[in-house]
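Welcome! Let us take a short tour of this structure together, starting from a single residue and working outwards.

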Amino acid sequence: MARARASEGLCPACGTASSRVHGRYERSLGDSAMGGSAVVIRLRIRRFLCRKPECTTVTFAE
């Protein structure tokens, strides 16, 4: 299980920093077997709200 440690994310469209979390979801990454066991990496992703009203990106993932 992995997650980001940053307290905020940067909007990819306008570069505005945001710490307002809109929601969370998980992604799973599978990899080849390691030592005879399958490896799965689970990532917890946060979605942030862009605080700049004129930005076309309303939410973005970290």
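Cys11 is buried, with a relative accessible area of 3%. This is a predicted model, and every value below was computed from it.

Who sits beside this cysteine? The sulfur of Cys11 has its closest cysteine sulfur in Cys55, at 3.7 Å. A disulfide would need the two sulfur atoms within 2.5 Å, so the pair is too far apart for a bond. Seen from the other side, the sulfur of Cys55 has its closest cysteine sulfur in Cys11, again too far for a bond at 3.7 Å. For the whole model, the count of disulfides by this rule comes to zero.

Cys55 also counts as buried, at 13% relative accessibility. If you set aside the neighbours within four places in sequence, Cys55 is in contact with Cys11, Ala13, Cys14 and Cys50. Some of these names return in the largest nonpolar core, which has five residues: Cys11, Phe48, Cys50, Cys55 and Phe60.

For a contrast in setting, try Gly15. Gly15 lies in the loop between strand 2 (9-10) and strand 3 (17-18), and is partly exposed because its relative accessible area is 43%. The table sets out the three residues for which we have looked at accessibility.

| Residue | Relative accessible area | State |
|---|---|---|
| Cys11 | 3% | buried |
| Cys55 | 13% | buried |
| Gly15 | 43% | partly exposed |

Gly15 also gives a feel for distances in the model. Between Gly15 and Ala38 there are 38 Å from C-alpha to C-alpha, with the two residues 23 apart in sequence.

Now step back to the whole chain. How many helices and strands does the secondary structure of the chain come to? There are zero helices and six strands, so the order from the N terminus reads β-β-β-β-β-β.

What about overall dimensions? The C-alpha trace of the chain spans about 50 × 20 × 15 Å along its principal axes. The radius of gyration of the chain is 15 Å, whereas a compact globule of 62 residues would have one near 11 Å.

The surface completes the picture. Of the 62 residues of the chain, 18% count as buried. The accessible surface comes to about 4,700 Å², and 49% of that belongs to carbon and sulfur atoms. As for links along the chain, take the contacts between residues at least 6 apart in sequence: 46% of them join residues at least 24 apart.

Definitions and conventions: Residues numbered from 1 in each chain as written. Predicted model: local features only at pLDDT ≥ 70, side-chain atom pairs only at ≥ 80, totals over all residues. Heavy atoms only, no water. Buried < 20%, exposed > 50% of the residue type's maximum accessible area, 1.4 Å probe, protein only. Core = buried A, V, L, I, M, F, W, Y, C linked by side-chain atoms within 4.5 Å. Contact = heavy atoms within 4.5 Å. Helix = DSSP H or I, 4+ residues; strand = E, 2+ residues; numbered from the N terminus. Rg over C-alpha atoms; globule rule 2.2 N^0.38 Å. Areas by Shrake-Rupley, 256 points an atom, 1.4 Å probe, with all protein chains shown as cover.
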